[in-house]
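Colleague: Could you take me through one part of this model in detail? Pick a helix and show me how it sits.

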Amino acid sequence: MSFRFLCMIVVSLAGALPLAAQQPEPRQPMVQVFEEAVDVRVVNVEAVVTDEKGARVRGLSAKDLRLLVDGHEVPVEYFAEVEDGKAAAVPAAAAPAGGAQAPASPGEAVQRSYLIYIDDSFSIAGIRNEALAKLERDLKLLRPGDQMAVLAFDGSRIDVLSRWTGDAAALAAALERARRRPATGGQQLSHQRALQSDVKVVHENDIGDGDTNPLTNNLDREMEALEPRVSPEARTQLGRTAAAVAGALRGFEVPAGRKVLLLLSGAWTMSVAPQLYQPMIEAANRLGYTIYPMDLAQSSSSQITALGALAERTGGRMVVSAKMDVLSEVAADTGFYYWLGFTPAWKADDRGHQVTVEARRRGLRIRARSGFSDLSKKTENAMRAESVLLFGGAERDRRLIVQLGTPKPAGRGTIEIPVTLGVPVESLAWTPKDGGYVAETPVAMAALDEKGGRADLPESHLKVSLKTSPPARTYARFQTTIRVRDDVRQRLVFSVRDAVDGTAIWGEAESKPQPAG
């Protein structure tokens, strides 16, 4: 069964009418006119440079590297070398001509933010817990200004075990809670065993080569023995897992500084279409995350190579196994790099762009993010709605009124539900037009069913016209229709960008399964 469910918005517009029975206060006409703004966001690219033997190369200047976007060289606006987590002084001759000042001054520590994502749906508890225990032990490696967050995915829902914090005690408690969670990787392995009936199972008493952990040893042998086919159950869960990782990156609070995703999972070693990884790579590159996957399945070298390719697209590398000192390895890898910044010609057209960093001298190898996305306001709003759906929204921003009408059968296991959205008039940008006022706003909807399935974010644009200026403390009323599955309970979140302060205001409702017949 597919983990996705049908969700589509068909927009029909109603006039702007007050939804709240409130007396308007005397005031001037509230009109906010859109003005063209200049987008000055800078894209940061962290580049790890090594020689042919894998040793770090230091002391390079902006003149030693080329930065290309979609194959065309672009000016490097600022350049810095980061050594042991601190910005190094860049000689004037080594700085880009006319370049801007780097975000960190020489000698200043560059904040690192580690997002720990634990995929319990494909983890073996013993291997996972070994890795988490080492992470807890190495929390002492966090420096002043560094922070960490811990998320865990059970196959349907993402739980926030710790939001961003540098408090080692709080993080240790979160990692301890993570070790107590159920892990269902053994079930996925059972599905694989059933698919491969001709696999010779290694006996439990065959320890082999002095390994004192028979569970881990036998698991290693079985995973290598399985043919590169994926059971239907595992493939379905892989789809949920991949979507959840991408959603977590898009929806969780984006931190400052060097952003690192430490992905603990055994799922990515299975032979699946590369397209499954693409949303994760796009989300990571869009937000500037470097991915470091940790293999919790102890897989073969060919499967590890596939994991390495996933990491490489974001400038990271594979953390081979839970036996490694993970945080130590990642902290060292993210502590020495070159920091390049440039400002694209932003068009807000949702196009993805390829980024390449090249060395002007021979014999150097470079690891860096492979792209960035030029997001439209509509897509940014959709990401905010997804964030509210997955992680909850601030109660002060819960300012949309959402009213669901009576569902009607729509065929093929779906229903259509009329929806009335009430948007505070103060949150809309009203433009004078033809003697009246017009307001337009994109609205995003995200939906999560009780089985963990999430809908694609639909694109909708709402528009309303009034003959007179709207009174304060009233709501513009928009009517839409959504089409969803009829056999499952779903949480629906709607989000609109406040045109005045840019915050995402939201509201929610619940769709219930319909009785059969």
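Modeller: Here is a close look at helix H2, with a word on helix H1. This is a predicted model, where local features need pLDDT of at least 70, side-chain atom pairs count only at pLDDT 80 or more, and totals for chains, interfaces and linings use all residues. Residues are numbered from 1 along each chain as its sequence is written, and side-chain values use heavy atoms, with hydrogens and water left out.

Helices (H or I, at least four residues) and strands (E, at least two) are DSSP runs, numbered from the N terminus. H2 covers residues 168-179. Its twelve residues should span 16 Å at 1.5 Å a residue, and the end C-alpha atoms are indeed 16 Å apart. That expected span is 1.5 Å times one less than the number of residues.

Look at the start of H2. A side-chain oxygen of Asp167 comes within 3.0 Å of the backbone nitrogen of Ala169.

Now the buried residues (under 20% relative accessible area, 1.4 Å probe, protein chains only). In H2 they are Leu171, Ala172, Ala174, Leu175, Ala178 and Arg179. They cover an arc of only 160° around the axis, so they lie on the same side of H2. The arc is taken from the directions from the helix axis to the C-beta atoms. An α-helix has 3.6 residues a turn, so residues three or four places apart point the same way.

What do the buried residues of H2 pack against? They meet E7, H1, E8 and E9, with contact meaning heavy atoms within 4.5 Å.

H1 spans residues 125-137. Its buried residues are Ile127, Arg128, Ala131, Leu132, Lys134 and Leu135. Their arc is only 160° around the axis, which puts them on the same side of H1.

Technical notes:
Buried means under 20% relative accessible area, exposed over 50%, partly exposed in between (1.4 Å probe, protein chains only). A polar contact is a pair of N or O atoms within 3.5 Å; within protein, one must be able to donate a hydrogen and the other to accept it, and residues adjacent in sequence count only if both atoms are side-chain atoms.
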